[in-house]
Amino acid sequence: MKRRIYFEVPLEVFTARLTTVALLSRAHHGAIGLLNSRPSTACFLVAFTCLLSGLAVRLHASEASQFFDREIKPIVATYCTDCHGAESSKADLRLDQMEVDFAGPQGETWHDILNRVEVGEMPPQDAEPIPTAARRKLTQWIRAQFHAAQQTKANGGRSVVRRLTRYEYNNTLSDLTGITLDYAQDLPPDSMSSNGFRNNGSVLGISAIQMEYYVLAARRAMSKAIVTGPAPEVYTHRFETSSPSNTPKIKTPVGNRMTPGSRFFGKMLEFPRVGEFKVRIKAAGSVPVGEGFPRMRVAIGLRSDTVSPTRVLGEIDVSNPESSPEFYEFRARMEEFPLPGHNPKFPGVTIAVTNVYDDGLPVESPIDFEVVKFARPETKLITTRSKENIPTLPDSFQVSDQKKLVTNFTKTAESLQKRIEELRLIARESKAEIDIACRLFEYNNQRKRLDGQLRQLTKALNLDHSTSVAEFDQRNTAWLDDQQTVIERFQHLTPINRKDDQAIRALLPTPPERSTLVLESLEFEGPLFQQWPPESHRRLLPDSKGSERDRAEHAIATFMARAFRRPVDQSDVEHVLAFYDQIRPDSANFEEAMRESFVMILVSPEFLYLFEPNESSQPRQLDQHELATRISYFLWSSMPDATLTSLAQSAQLSDSAVIQTQVRRMLASPRIDEMINHFTDQWLDLSGIERIAINPEYYPKFEGELKQSMRGETRAFFGELLKTDMSALNLLDSNFLMLNAPLAKHYGLQGPKGGAFERVILPQDSSRGGLLTQASILLLNSTGEDSHPIRRAVWLRSRLLDDPPASPPPDVPDLNSEDPQLATLSVRQQLEHHRTRAACNDCHRGIDPWGIPFENFDAIGQWRIEASRATPKKNKLIKIPVTTASVLLNGQKIQDIQELKDYLIERETRRFARALVSRLFEYGTGRSVTFSDHETLETLTDHFESADYRLSDLIVAIIQCEDFQSK
């Protein structure tokens with residue numbers, strides 16, 4: 001029986017291109033394998049919306065239209081069309097043209113009307129209010145229409161057939177092969193839905209070039225997983241002392257005791273180029289009171305004499321003391337790191353260990369000591385005396401033929417005398433002892449140089465050196481005695497080379513203790529394998545006593561079932577086995593033929609898509625394996641594990657209790673971080689942080705790495721609520737934050753000592769708490785120079801309340817603080833100026849009041865009472881007081897960010913809860929929410945509220961709802 005597939009989005013090139021792309025070119029063998037879709041899985045149909053039929057349905061629609069004309073339209077005409085009619089369509093909305101269409105495009109508009117009327121934003125405060133009876137009739141009618149649309153919804157909650165996202169593809173290939181690599185590195189980025197989700201099937205198209213990249217990625221995966229030839233050589237290295245600096249032009253301390261910024265190097269001339277390796281480091285930390293733990297970052301890169309490409313292997317806090325050193329192990333694959341070519345000039349790779357803990361001090365304390373300075377008259381006197389008081393050569397020196405040597409001697413004598421004259425003017429009790437010691441060293445060098453040049457002269461003149469030196473000393477007795485007298489004044493000092501930093505530091509005051517990473521040893525081993533062929537190979541090509549073809553058939557069936565995430569039958573296997581038979585004669589060996597056969601499977605639509613075929617345009621229940629797959633990609637962004645697959649195989653996932661147990665198991669797994677990170681990033685648009693460039697003129701001390709901590713805080717915060725079953729209302733306000741050391745310092749709070757995120761209870765008077773005051777959200781909705789209340793307001797309404805304001809007209813200008821007329825105004829005053837345009841005022845009345853309360857936070861999320869502004873000439877920053885008071889469209893007064901958070905919790909919890917339910921539902925099903933989902937979302941929201949807003953209960957409820965389990 002053929003399996004028909006209904007797509008709610010175009011498959012773009014799939015119907016015309018898939019078989020073309022599936023031509024697995026085998027130019028190196030001269031053979032071609034055709035990836036034909038077998039008849040039972042190749043029928044791609046496009047589902048069209050069915051027309052309503054039946055007299056009862058037509059009569060029902062007619063009655064609804066009559067009721068609308070008689071009872072509802074007059075209310076809208078009386079209280080709404082003055083602002084939203086033919087003469088004035090504010091926010092591009094005309095309500096005089098609205099129809100009874102709740103399952104179509106106007107359903108969203110009706111939903112917005114319901115929200116606005118219920119929260120008191122429509123009509124606005126300065127308009128005639130709707131009487132209570134009319135308001136109740138309007139809202140009840142809208143709700144009834146949504147219920148009716150739910151009962152007759154066309155798509156039955158079916159999810160679109162969607163492609164794997166880049167991260168899902170990468171995770172799935174890693175799970176299939178057992179080898180973790182960035183398989184998706186060359187794939188194009190995924191598009192986003194209107195709500196920011198990358199796993200929405202409506203935006204996950206596929207192109208011809210993308211299919212070519214899938215072939216390349218699959219071949220790369222198979223080349224790593226299936227090996228040929230003997231076991232490779234294993235390389236081991238051990239370092240107990242650091243190799244010299246890899247980049248001598250960068251002056252940072254190198255050694256086993258690493259203060260912040262210091263490094264340790266292990267240089268390897270022999271190393272593997274492919275395969276898994278491990279780096280094992282024995283280390284400890286020396287942590288002064290009040291400081292954080294040293295943070296060890298391990299990177300691998302090229303060995304050269306310039307700054308070379310590197311990649312971070314891992315990073316971790318080292319909290320164990322020196323008395324108890326511990327081993328830290330990092331694993332990865334060599335091909336993921338920059339490796340040198342075969343140019344002998346730049347051989348080898350370097351393992352670099354750095355203490356990246358930031359204590360606010362420079363990498364190495366500057367060498368700062370008192371230096372003797374001479375006044376201008378003193379400088380002139382020194383120059384004059386240096387020329388007058390120089391030694392003279394004995395008469396026996398016939399120098400007429402050695403003018404160059406004599407000239408050099410004279411210059412050195414003058415330089416030597418200059419050192420004497422400088423020392424002569426320095427008081428013996430001077431505090432500049434290090435500078436004087438350096439001058440004594442320089443005097444000694446000059447004296448040695450003068451003696452060397454005297455020797456050169458005697459040699460050139462064929463004179464006896466000892467006799468000549470005696471004559472020289474006798475002739476310059478007074479000069480020598482004078483030198484001795486000056487030098488003896490500082491005999492209590494030991495001469496020091498000015499370039500000897502270590503010796504100079506020994507004389508300086510002891511620097512403050514710093515968080516120090518103490519490394520005892522560093523070991524490298526790779527490639528790693530317990531036996532050959534390795535586990536990945538034996539999993540894909542298990543040993544068999546049968547023929548080579550029997551072995552191929554068994555391996556193909558096993559791999560196909562895992563890749564397709566469902567049981568396969570003989571017709572599935574025969575399709576690929578025929579391809580194997582075609583290419584095997586031209587393949588160098590069995591393994592190579594199997595690689596290409598597996599590649600064929602990995603470019604099949606049943607692998608690249610979450611395949612849920614349907615023989616009817618009506619919804620159907622997912623089968624056990626489809627449900628397991630949908631659950632797994634929702635929570636782990638990858639294929640089902642063995643437990644989930646086994647339960648699907650035994651048909652136990654039809655039991656709601658079993659499903660709940662499995663969901664709880666998966667929520668408790670570390671792999672749930674996949675859902676936490678991807679959902680949080682996409683829901684809140686956290687990736688947008690990277691789009692914001694911080695202006696160093698405003699924030700000169702801001703470090704780019706802090707952006708990762710900002711993003712990590714929001715992820716960790718959502719994860720904490722999920723993993724500890726705390727109320728999701730903490731997203732609106734909380735008495736704690738999830739902080740690491742850099743972010744706690746950024747906020748000015750006492751927090752963790754390391755880079756890991758920990759729960760930190762806030763002081764009672766703190767204005768922080770919840771999402772709204774997290775640096776990630778504040779930075780995301782800023783200009784990189786200043787706050788941006790409009791962006792912050794739009795973000796709040798769109799992401800947290802599912803109430804995005806209308807897009808601005810194309811001719812509306814942005815706020816411009818560089819305008820000379822606006823530069824000295826507060827943001828509130830700039831917005832008031834902006835609203836003097838009627839087109840702007842209509843929209844901004846419903847936007848600005850939500851954003852102004854954020855004004856106590858600058859662009860990077862730090863508290864302020866004044867905002868910095870660049871003057872029009874940008875030669876200095878001026879300070880402008882900030883104001884945070886606003887009035888919402890419904891008349892609610894908001895004084896500051898805390899009152900805004902209080903208002904959201906007291907008055908907007910239902911809208912927030914429904915918005916969060918809607919976003920999780922969209923992420924979990926991989927499709928956009930339609931208004932036919934209204935009743936489902938309301939039911940889920942009711943459940944969410946009754947469960948005290950626990951995210952884990954909400955996720956269980958979403959997975960157990962009919963729309964999630966149907967297609």
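**View 1. Glu421 and Arg424 on helix α8.** Glu421 is tucked away here: its relative accessible area is 1%, so it counts as buried (under 20% is buried, over 50% exposed, and anything in between partly exposed, using a 1.4 Å probe and protein chains only). Its partner, Arg424, is partly exposed at 26%. The two side chains meet in a salt bridge, 3.0 Å from N to O (the cut-off is a side-chain nitrogen of Lys or Arg within 4 Å of a carboxyl oxygen of Asp or Glu). Both sit in helix α8, residues 403-425, three residues apart, or about one turn of the helix (helices are DSSP runs of H or I with at least four residues, strands are E runs of at least two, and both are numbered from the N terminus).

A quick note for all the views: this is a predicted model, where local features need pLDDT of at least 70 and side-chain atom pairs count only at pLDDT 80 or more, while totals for chains, interfaces and linings use all residues. Residues are numbered from 1 along each chain as its sequence is written, and side-chain values use heavy atoms, with hydrogens and water left out.

**View 2. Arg584 and Glu548, a salt bridge between a loop and a helix.** The closest N and O atoms of this pair are 2.8 Å apart. Arg584 lies in the loop between α15 (570-583) and α16 (590-602), and Glu548 in helix α14 (residues 548-564), so the pair ties together parts that are 36 residues apart in sequence. Glu548 is partly exposed, at 36% relative accessibility.

**View 3. Glu240 with Arg238.** Here the side chains form a salt bridge at 3.0 Å, N to O. Glu240 is partly exposed at 46%, and Arg238 is partly exposed at 48%.

**View 4. A salt-bridge network.** Arg419, Glu422, Asp435, Arg439, Glu442 and Arg498 are linked by salt bridges. Across the whole structure, the search finds 60 salt bridges.

**View 5. Glu535 and Ile179.** Their C-alpha atoms are 9.8 Å apart in space, with the two positions 356 residues apart in sequence numbering. Glu535 belongs to helix α13, residues 535-540, and is partly exposed, with a relative accessible area of 44%.

**View 6. Two cysteines, Cys438 and Cys961.** Cys438 is buried at 0% relative accessible area, and Cys961 is buried too, at 12%. The structure holds zero disulfides (a disulfide being a pair of cysteine sulfur atoms within 2.5 Å).
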